[in-house]
Amino acid sequence: MFTDSHCHLTFPELASQWPDISDAMKTAQVTRALCICTTLEEFPTVQEFAVAQPHIWATVGVHPDNEGVREPDLERLLQWGSLPKIIAIGETGLDYYRLGQRSISEMEWQRERFRVHIEAARKLNKPLVIHTRSASDDTLAILKEAGECGDQSSAGGVFHCFTEDVDVARKALDLGFYISFSGIITFKSAQSTRDVAAMVPLDRLLIETDSPYLAPVPYRGKLNNPSYVPHVAQELARVKNVTIEKIAEQTSLNFDVLFQV
């Protein structure tokens, strides 16, 4: 019934509990999940896990916030992006939230990493899983420069765990991207995120947990897992004034269309 479009099941805190999490997912009617890769070092584990589980898919990519890890090259992304159960490239994007003493101009390595992912996605005709934080202008600009405009030659993809404003959401939608909401939408402080959700068309929505992070209310502050994604769906249903069954059906269909499952 529900599809968690973004989680990190191979992170140690979840991998160690996988049998219990799998049972909890069944109980909560969470029938599928997309396990996200964040480094090339972890990719073999992510891919092997997805192959071993009939209801789990995976991605290949290097998270923009990860430093001191192996840099992705086009050849490697093309090779690994063609392996069984790999349905997207990412997560990738830009994150200027933790600049520290650095300037935005010093983050060119991050922008170049993003460009490599976009090129791989376009060559493979697989969607991008976009992470953007405090960097939406550059994220959108680089996508446009690469030719991502929603036409048939575009890779497309999803802006995951969306926390930007309505203007950024409209621009992402205009480029053909989907918008995914996490447990943040259930937080009392997240009215601006709910305002975005109210605007996004039903056929461009996805739901996710981003587990093990960002557990939704009533589990906020606890370890998150995909069995909690119905709480995201419930809040989206309230915001959109539709049934939770409609959100479950539509977001699962959107997952099928975007990721060509």
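In this predicted model, helices H8 and H9 cross in a right-handed sense. H8 covers residues 191–199 and H9 covers residues 229–240, and the two pack at an angle of about 65°, their axes 9 Å apart. Angles of 65 to 115 degrees count as roughly perpendicular, so that's the label H8 and H9 get with respect to each other. On the H8 side, the contact comes from Arg194, Ala197, Ala198 and Met199, and on the H9 side from Glu235, Leu236, Arg238, Val239 and Lys240. Sorted by class, the residues where H8 meets H9 come out as five nonpolar and four charged, with no polar ones.

H8 has another partner to look at, helix H7, made up of residues 166–174. Here the packing angle is about 35°, and the axes again lie 9 Å apart. The crossing of H7 and H8 is right-handed. H7 brings Val166, Ala169, Arg170 and Leu173 to the contact, while H8 answers with Asp195, Val196 and Met199. That makes five nonpolar and two charged residues between H7 and H8, and once more no polar ones. Met199 of H8 turns up in both places: it is listed in the contact with H9 and in the contact with H7.

Then there's the empty space. Rolling a probe the size of a water molecule over the atoms shows where such space is left. The largest pocket holds about 440 Å³. Its lining runs to 21 residues, and those nearest the centre are His63, His131, His160, Cys161 and Asp210. Two strands, S4 (86–95) and S5 (128–133), each put at least two residues into this lining. S5 is the biggest giver, with three residues. As for the chemistry of the lining of the largest pocket, eight residues are polar, seven are nonpolar and six are charged.

The second largest pocket comes in at about 270 Å³. It is lined by 15 residues, with Ser154, Ala155, Gly156, Gly176 and Leu258 closest to the centre. Eight residues of this lining are polar and six are nonpolar, and just one is charged. Set beside that single charged residue in the second largest pocket, the lining of the largest pocket has six. Both linings, though, count eight polar residues, in the largest pocket as in the second largest.

Notes: Residues are numbered from 1 along each chain as its sequence is written. This is a predicted model: local features need pLDDT of at least 70, side-chain atom pairs count only at pLDDT 80 or more; totals for chains, interfaces and linings use all residues. Side-chain values use heavy atoms; hydrogens and water are left out. On a 1 Å grid over the protein atoms alone, a cavity is a set of points where a 1.4 Å probe fits but cannot get out, and a pocket is an open set with protein on both sides within 12 Å along at least five of seven lines; lining residues have an atom within 4 Å of a point. Grid points are joined across faces, edges and corners, and a volume is the space filled by probe spheres set on the points. Helices (H or I, at least four residues) and strands (E, at least two) are DSSP runs, numbered from the N terminus. Ala, Val, Leu, Ile, Met, Phe, Trp, Tyr, Cys and Pro count as nonpolar, Asp, Glu, Lys and Arg as charged, and the others, Gly among them, as polar. Axes are lines fitted to C-alpha atoms, for helices over the stretch in contact, and angles run from 0 to 180 degrees between N-to-C directions. Angles under 35 degrees count as roughly parallel, over 145 as roughly antiparallel, 65 to 115 as roughly perpendicular and the rest as oblique. A crossing is left-handed if the near helix is turned anticlockwise from the far one by less than a right angle, and right-handed if clockwise. Contact means heavy atoms within 4.5 Å.
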